[in-house]
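Here is a friendly walk through one protein chain, moving from a single loop residue to the annotated sites and then out to the fold as a whole. Please keep the structure open beside the text.

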Amino acid sequence: MWATSIMVYRPYRATYHDMCRFHSEDYIDFLKRVTPLNVQTFTKSLTHFNVGEDCPVFDGMFDFCSMYTGASLEGAVKLNNKHCDIAINWSGGLHHAKKFEASGFCYVNDIVIAILELLKYHQRVLYIDIDIHHGDGVQEAFYLTDRVMTVSFHKHGNLFFPGTGDMYEIGADSGRYYSVNVPLKEGIDDSTYMSVFKPVIQSVMEFYQPTCVVLQCGADSLGSDRLGCFNLSVKGHGECVQVVKEYGLPMLVLGGGGYTKRNVARCWTFETSVLLNEQISNEIPYNEYLEYFAPDFSLHPDISTKQENLNTKQYLDYIRQTTHENLKNLIAAPSVQMHDVAPDLLSLENTEEPDPDVRMSEEDMDKRVEPANEFYDGEKDNDKENEGFLDV
């Protein structure tokens, strides 16, 4: 089934208990209580939970975590209940957060929490990460299990953050060979990236046979990113999404890194169109942020750099061969015994009593779907003005 239309939802807000499905209670309790005004009283906790430099305390931090985590969690529930075939949360994908600490601008690992929800219905979940940084938090969470395979394409070496993701990090115990890492060097472009991405994903699909995919689309792997050193175009980045989509599996698509904001917006707009099978214009339409896209005002500007591509054919051949040999060690796609499914972490239906004093709640408004040619519902309704209706 292919996505042909899009529905936009006001996301569920993850609760303290939702976050504690993966994270420790004392860490989440700290995130809930610390603010810029009281941060001085948490000096020891800041160090303990790695909050400070790369992960600063800011106003509304817990609300921020609640919203992006809840959106990923709701996407997983909708996939589990077959309410959609593809769920998108561009605000999610914070892949560095660990069980007990923040890391690399990531506070709560929405990916792990969403995957735990998907595992209630899916025997094998495949996680693919195309952020320029290694998806260390997700890999660490599932390093010992065969229920989740993590596949990360990332820059590695020269002390590049987070420093993990060597090709020989392959998992342990029951998870041995279920962690796949593709460490790349500076300057990789579209053609060389796809020369390794396509065959690795094909081998993973063949040997692992996942029943669901989570795809993290960090946009810091684009050329000209402020922190990145790859040379992918918006179309090249989007081709990865197209390749994964063509396998026809249920997909949870998430955002991630990206530090040249105008290119992040371009990238995720284009990838939304890819997921919808929609052709969109290269010319960015007028909007209040149009000045940010000067001077070309296009969706696909040239963002390549003069950085040398250090990924030789021999090096990429070695990565492909090593990955394929490791995957051949999987005797068969793992399965699980039948068991009772735990209840969903959230209900897709509103179980609260409606406020009798409110004619239409915000949630009811969000659920309203009207055709594009519906009359404008408000004081500026042209029909009301034209027909001379009087205020009573």
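Let us begin with Glu 186. Leaving out residues up to four places away in sequence, Glu 186 touches Lys 155, Asn 158, Cys 229, Gln 307, Glu 308, Asn 309, Leu 310 and Asn 311. This residue sits in the loop that joins S4 to H7. Because its relative accessible area is 15%, Glu 186 counts as buried. Please bear in mind throughout that the model is predicted.

**The first annotated site**

The UniProt record, an unreviewed entry, places a "binding site" feature at Asp 131, His 133 and Asp 220. These positions span 90 residues in sequence, yet no two of their C-alpha atoms are more than 8.2 Å apart, so they gather at one spot.

Where in the fold is Asp 131 found? Look in the loop between strand S2 (125-129) and helix H6 (136-141). With a relative accessibility of 1%, Asp 131 is buried. Beyond residues up to four places away in sequence, its contacts are His 95, Phe 153, His 154, Gln 216, Gly 218, Asp 220, Ser 221, Gly 256 and Gly 257. Asp 220, then, is both a contact of Asp 131 and a position of the annotated site.

The loop between S2 and H6 also holds His 133. A polar side-chain atom of Asp 131 lies 2.8 Å from the backbone nitrogen of His 133. His 133 is buried too, at a relative accessible area of 8%. Setting aside residues up to four places away in sequence, His 133 touches His 95, His 96, Ser 152, His 154, Phe 160, Phe 161, Pro 162, Asp 220 and Tyr 259. Two of these partners, Pro 162 and Tyr 259, are worth following up.

**Following Pro 162**

Pro 162 belongs to the loop between strand S3 (148-155) and strand S4 (179-184). Its relative accessibility of 24% makes Pro 162 partly exposed. Besides residues up to four places away in sequence, Pro 162 touches His 96, His 133, His 134 and Asp 136. The C-alpha atoms of Pro 162 and Gly 135 are 8.8 Å apart, and the two residues are 27 apart in sequence.

**The second annotated site**

The unreviewed UniProt entry also gives "binding site" at Asp 54, Gly 104 and Tyr 259. These positions are spread over 206 residues of sequence but cluster in space, with a largest C-alpha distance of 13.8 Å.

Asp 54 lies in the loop between helix H3 (43-48) and helix H4 (61-80). Apart from neighbours within four places in sequence, Asp 54 is in contact with Gly 104, Phe 105 and Phe 161. Tyr 259 is in the loop between strand S6 (251-254) and helix H9 (261-275). With neighbours within four places set aside, Tyr 259 is in contact with Phe 105, His 133, Asp 220, Asp 225, Arg 226, Leu 227 and Val 264. Tyr 259 thus links the two annotated groups: it is listed in this one, while its partners His 133 and Asp 220 are listed in the other.

The table gathers the accessibility of the residues discussed above.

| Residue | Relative accessible area | Class |
|---|---|---|
| Asp 131 | 1% | buried |
| His 133 | 8% | buried |
| Glu 186 | 15% | buried |
| Tyr 259 | 23% | partly exposed |
| Pro 162 | 24% | partly exposed |
| Asp 54 | 40% | partly exposed |

**The cores**

In soluble globular proteins, nonpolar side chains tend to be buried together. Which residues touch the most other members of the largest nonpolar core? Within its 56 residues, they are Ile 128, Met 149, Val 151, Phe 153, Leu 184, Tyr 193 and Phe 197. Helix H7 (residues 190-208) supplies the largest share of this core, ten residues. A second, separate core has 47 residues, including Val 34, Leu 46, Met 61 and Cys 65.

Back in the largest core, Tyr 193 is in contact with Ile 130, Phe 153, Leu 184, Ile 188, Phe 230, Leu 232 and Cys 240, neighbours within four places aside. Phe 153 is shared ground here, as a contact of Tyr 193 and of the annotated Asp 131.

**The chain as a whole**

The secondary structure comprises twelve helices and six strands. The chain has 392 residues, and 48% of them count as buried. Its accessible surface is about 20900 Å², with 52% belonging to carbon and sulfur atoms. Among contacts with a separation of 6 or more, 77% join residues 24 or more positions apart.

Methods
Residues are numbered from 1 along each chain as its sequence is written. This is a predicted model: local features need pLDDT of at least 70, side-chain atom pairs count only at pLDDT 80 or more; totals for chains, interfaces and linings use all residues. Side-chain values use heavy atoms; hydrogens and water are left out. UniProt positions are given in the numbering used here, feature names are shortened, and annotations may be inferred rather than shown by experiment. Helices (H or I, at least four residues) and strands (E, at least two) are DSSP runs, numbered from the N terminus. Buried means under 20% relative accessible area, exposed over 50%, partly exposed in between (1.4 Å probe, protein chains only). Contact means heavy atoms within 4.5 Å. A polar contact is a pair of N or O atoms within 3.5 Å; within protein, one must be able to donate a hydrogen and the other to accept it, and residues adjacent in sequence count only if both atoms are side-chain atoms. A nonpolar core is a set of buried Ala, Val, Leu, Ile, Met, Phe, Trp, Tyr and Cys residues joined through side-chain atoms within 4.5 Å. Accessible areas come from the Shrake-Rupley method with a 1.4 Å probe; for residues, only the protein chains shown count as cover.
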